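Subject: Structure handover

Hello,

Here is the structure I said I would pass on. My notes on what turned up in it follow below.

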Amino acid sequence: MPPNPKYLPPFSLEQQMVLALVPKFTSLPSIVGSAYIVQHVLRSRKRRQKTYHRLLALMSAMDFIYAIKVFLSTWINPEGTGYLASGTTETCAAAGFLGHGGSLSSIMYNGSLTLYYLLTIVFSWRLDKIKKIEPWLHGLPLAIGWSTAFATLPMDLMNPIGWTCWIGYFPVTCDVNPNVECTRGINASIYRWAFFHIELWLCFLFSAFAMVNIYFRLRKNEIAVKKYEFESQADRSFEADRSLDTDEAMQPPQSGRSLFNRRSTTTRNATSTRKKYKLSRRFGSQAGFYILAFFLTWIFPMIMFVVAEVTGYLLYPLLVATVVFNPMQGFFNCLIYIRPRYIRNREERRSQAPSSVGNTPSHAPSHIQCIRNAVELAGTDDEDELEQIEESDSGKDTTPQVEKQAGNAVDRTVEWKEQAKATNQTKN
């Protein structure tokens, strides 16, 4: 059986410097991004009332706590246990407690946010129905994250693990070196799984499952919309052909509606369907980006831990990738959060551009202005793409109805072709 993960061979001074200094730079964007999302939600009463914004605000608060802990890096470690280590056992335990509670709660909130998207997109839940389970979407992440963090304190599990403090043995490698007695962190390898890695892997697998289901649902809706557009075109085409027949044109409308009204109704339905599909596709894109941000943040620590469990060593390249990407989820989420507003500003810029060759009007914002407007409007504008989906979607699954209508269109196409053929044969 391979030994437990350990820092052997010992890292050089240059490697320790990288592991101690890099997190201070990679965590700063996350601190700013997480704080931005939190203040953006808190400043608006309308946003505070929405499940999506509340989930993202509390997840960002957890990311903020974790990023602060990562920024401290080795400063909190007991003196003499690493590069720039100048703390004590108590500072290490306190920082490890905050970092564990914040990181695990954030991981679980990723699961809650993924579930929100899954229920909205795949199962077509209404917002009032989602609000009934919202206490669970908040309660489970906070309860699991912070209860396990509190449980580590009396067991002395928070100890220096090189570049930070987390669940580990102290002194380092005392679990595999018979000449060194462990004074803290007894059975740390077991508690790593029980208090963190099981929850992380479950959320990771659930997010992957949800992303696949969201993709196939959007793909199914795309096929249904194309069939529905075919029905609209078929209605207009064949009604126009039938109207050219003199005998039929002399007959009064059978349904009490004129040909113009029938065409208008079909056009309005097709336009409404395309609009909802476009918004739902953007909604699905948001879900995909949040899931990808979660994967990018935690994939390297997961691989590093598996390799360490199998080989008994922590690979330095994986550890560097961890200190680079792991603290940055708050920054990634912030970019995704303002993305719909940037897209809306960019589309406005394109719509304002002149159709003929010439200079862009002064009132059409540049790309830099689009980004600035997206950030500034985020503090006052509530009409982003996600809210449009929540307010315009009735919550009903219209895919079967659209597919049925598309099938009827195909049947009418065949029927009209047969009627036209019979009419031509009679005239001949």
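Q329 sits in helix α10, which covers residues 329-352. Please keep in mind that this is a predicted model. Q329 has a relative accessible area of 3%, and because the cut-off for buried is under 20%, Q329 counts as buried. The side chain of Q329 makes a polar contact of 2.9 Å with the side chain of N110. Setting aside the neighbours within four places in sequence, the contacts of Q329 are S30, M59, D63, S106, N110, F294, T297 and W298. N110 is thus in that list as well as being the partner in the polar contact.

Q329 also leads to the empty space inside the model. As a reminder, rolling a probe the size of a water molecule over the atoms shows where empty space is left. How many cavities of 30 Å³ or more does a search of the whole structure find? The search gives three.

The second largest of these cavities is the one that involves Q329. This cavity holds about 70 Å³ of space. Its lining consists of 13 residues, and those nearest its centre are D63, Y66, S106, N326 and Q329. D63 and S106 are also among the contacts of Q329. The helices α3, α4, α8 and α10 each give at least two residues to the lining of the second largest cavity. By class, that lining has eight polar residues, four nonpolar residues and one charged residue.

The largest cavity has a volume of about 520 Å³. A total of 33 residues line the largest cavity, and I161, W166, I167, R192 and M304 lie nearest its centre. Which elements each supply at least two residues of the lining of the largest cavity? They are α3 (51-72), α4 (89-122), β2 (165-167), α6 (188-243), α8 (259-311) and α9 (316-325). The largest share comes from α8, with six residues. Sorted by class, the lining of the largest cavity has 20 nonpolar, nine polar and four charged residues. In the second largest cavity, by comparison, the counts are four nonpolar, eight polar and one charged. Helices α3, α4 and α8 appear in the list for the largest cavity and again in the list for the second largest cavity.

Next, some points on the backbone. Most residues other than glycine have a negative phi, and most peptide bonds are trans. These are the places to check against that.

- The peptide bond from F170 to P171 is cis, and its omega is near -5°. P171 belongs to the loop between β2 and α6.
- S73 is not a glycine, yet its phi is positive, at about 40°. S73 is in the loop between α3 and α4. With a relative accessible area of 0%, S73 is buried.
- D156 is not a glycine either, and its phi is positive, at about 55°. D156 is in the loop between α5 (127-152) and β1 (158-160). D156 has a relative accessible area of 31% and is partly exposed.

Two pairs of positions may be useful when you look at the fold. V172 lies in the loop between β2 and α6, where P171 is also found. Is V172 buried or partly exposed? V172 is at 35% relative accessibility, so it counts as partly exposed. Its C-alpha atom is 7.2 Å from that of I161, and the two residues are 11 apart along the chain. I161 is one of the residues nearest the centre of the largest cavity.

The other pair is G111 and L205. G111 is in helix α4 and is buried, at a relative accessible area of 11%. G111 and L205 are 94 residues apart in sequence, and their C-alpha atoms are 9.7 Å apart.

Finally, the totals for the protein. There are 13 helices and two strands. Of the 428 residues, 45% are buried. Counting contacts between residues at least 6 apart in sequence, 78% join residues at least 24 apart. The protein exposes about 21,700 Å², and carbon and sulfur atoms supply 62% of that area.

Regards

Terms used:
Residues are numbered from 1 along each chain as its sequence is written. This is a predicted model: local features need pLDDT of at least 70, side-chain atom pairs count only at pLDDT 80 or more; totals for chains, interfaces and linings use all residues. Side-chain values use heavy atoms; hydrogens and water are left out. Helices (H or I, at least four residues) and strands (E, at least two) are DSSP runs, numbered from the N terminus. Buried means under 20% relative accessible area, exposed over 50%, partly exposed in between (1.4 Å probe, protein chains only). A polar contact is a pair of N or O atoms within 3.5 Å; within protein, one must be able to donate a hydrogen and the other to accept it, and residues adjacent in sequence count only if both atoms are side-chain atoms. Contact means heavy atoms within 4.5 Å. On a 1 Å grid over the protein atoms alone, a cavity is a set of points where a 1.4 Å probe fits but cannot get out, and a pocket is an open set with protein on both sides within 12 Å along at least five of seven lines; lining residues have an atom within 4 Å of a point. Grid points are joined across faces, edges and corners, and a volume is the space filled by probe spheres set on the points. Ala, Val, Leu, Ile, Met, Phe, Trp, Tyr, Cys and Pro count as nonpolar, Asp, Glu, Lys and Arg as charged, and the others, Gly among them, as polar. Accessible areas come from the Shrake-Rupley method with a 1.4 Å probe; for residues, only the protein chains shown count as cover.
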